Amino acid sequence: MAATTLQDVDVHLRSIIANLYMLIAQAHEYHGPNTQHAMTTEIKQLIQNLVQLSQTARRLPTRIPLDIIEYVEQTRNPDIYTREFVELVMRYNQQLKGRTEAFGNFRDILAREMASAIPEIRNDVMQVVEITGGRVEQ
């Protein structure tokens with residue numbers, strides 16, 4: 001089974017939109033049995049296009065997280081989900097940045113105190129601090 005592209009889906013969606021437009025136009029300009037027959041034909045074509053779209057969509061290489069599907073099923077806006085997710089990631093990123101800075105400061109203070117308390121290991125301590133991206137104090 002060949003992979004489907006978004007262009008394939010776009011073609012099917014355009015066909016469905018054209019079917020719906022024709023149905024609206026025919027309903028607006030209803031002229032009896034001839035229009036009824038044309039509408040029946042158009043509805044059958046619409047159903048075929050919907051089936052083709054459904055089959056084509058199954059072959060799309062996209063995966064939607066279950067959380068988003070549940071969110072939409074609860075009649076909530078997925079854009080709000082995205083915004084909340086981005087805000088959550090930003091908050092988590094800020095927390096990790098704070099922790100990283102705190103551990104870096106702790107490393108520098110510990111290294112300074114160790115170097116002053118045990119002068120024999122000063123070079124080793126400064127080497128570790130330098131390798132881990134800390135500030136080397138001379």
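Mentor: A salt bridge here is a side-chain nitrogen of Lys or Arg within 4 Å of a carboxyl oxygen of Asp or Glu, and with that in hand we can look at this structure, which is a predicted model.

Trainee: OK, how many salt bridges does the structure hold?

Mentor: The structure holds 4 salt bridges, and one of them joins the side chains of Lys97 and Glu101, with a distance of 3.6 Å from N to O.

Trainee: Where do Lys97 and Glu101 sit relative to each other in helix H4?

Mentor: They are 4 residues apart in helix H4, so about one helical turn separates Lys97 from Glu101. As for their surroundings, Lys97 counts as exposed at 53% relative accessibility, while Glu101 counts as partly exposed at 44%.

Trainee: And what do Arg83 and Glu87 do with their side chains?

Mentor: Their side chains also meet in a salt bridge, in this case at 3.9 Å from N to O. Arg83 and Glu87 are 4 residues apart in helix H4, which means that about one helical turn lies between them. Arg83 is partly exposed, with a relative accessibility of 48%, and Glu87 is partly exposed too, with a relative accessible area of 40%.

Trainee: Which residue does Arg107 form a salt bridge with?

Mentor: Arg107 pairs with Asp108, and the closest N and O atoms of that salt bridge are 3.1 Å apart.

Trainee: Is Asp108 buried or exposed?

Mentor: Asp108 is buried, because its relative accessible area is 7% and buried means under 20%. Its partner Arg107, by comparison, counts as partly exposed at 23% relative accessibility.

Trainee: Switching topic, which residues make the nonpolar surface patch?

Mentor: The patch is made by Phe85, Val86, Leu88, Val89 and Met90, and it amounts to about 460 Å². Taking Leu88 as one of these residues, you will find it in helix H4, which runs over residues 78-117, and it is partly exposed, with a relative accessible area of 49%.

Trainee: What about H1, how many residues does it have?

Mentor: H1 has 23 residues, and from its first C-alpha to its last it reaches 33 Å, which is close to the 33 Å expected at 1.5 Å a residue. Its buried residues are Val9, His12, Ile16, Asn19, Leu23 and Gln26, and what covers the buried residues of H1 includes helix H2, spanning 33-58.

Trainee: Asn19 caught my eye there; what is it in contact with, leaving aside its neighbours within four places in sequence?

Mentor: With those neighbours set aside, Asn19 contacts Glu42, Gln45, Leu46 and Asn49. Asn19 lies in helix H1, which covers residues 6-28, and it counts as buried because its relative accessible area is 5%, with the cut-off for buried being under 20%.

Trainee: Last one, helix H5: which of its residues are buried?

Mentor: In helix H5, residues 122-131, the residues Val125, Met126 and Val129 are buried. They cover an arc of only 95 degrees around the axis, so they lie on the same side of H5.

Trainee: What do the buried residues of H5 pack against?

Mentor: They pack against H4, while on the other side of H5 the residues Asn123, Val128, Glu130 and Ile131 are exposed.

Trainee: And what is found just after H5?

Mentor: Just after H5 comes Gly133, which takes a positive phi of about 85 degrees.

Technical notes
Residues are numbered from 1 along each chain as its sequence is written. This is a predicted model: local features need pLDDT of at least 70, side-chain atom pairs count only at pLDDT 80 or more; totals for chains, interfaces and linings use all residues. Side-chain values use heavy atoms; hydrogens and water are left out. Helices (H or I, at least four residues) and strands (E, at least two) are DSSP runs, numbered from the N terminus. Buried means under 20% relative accessible area, exposed over 50%, partly exposed in between (1.4 Å probe, protein chains only). Contact means heavy atoms within 4.5 Å. Patches are made of residues with over 30% relative accessible area and no salt bridge: like charges are joined within 9 Å, nonpolar side chains (Val, Leu, Ile, Met, Phe, Trp, Tyr) within 5 Å. Accessible areas come from the Shrake-Rupley method with a 1.4 Å probe; for residues, only the protein chains shown count as cover. The expected span of a helix is 1.5 Å times one less than its number of residues. The arc is that of the directions from the helix axis to the C-beta atoms.
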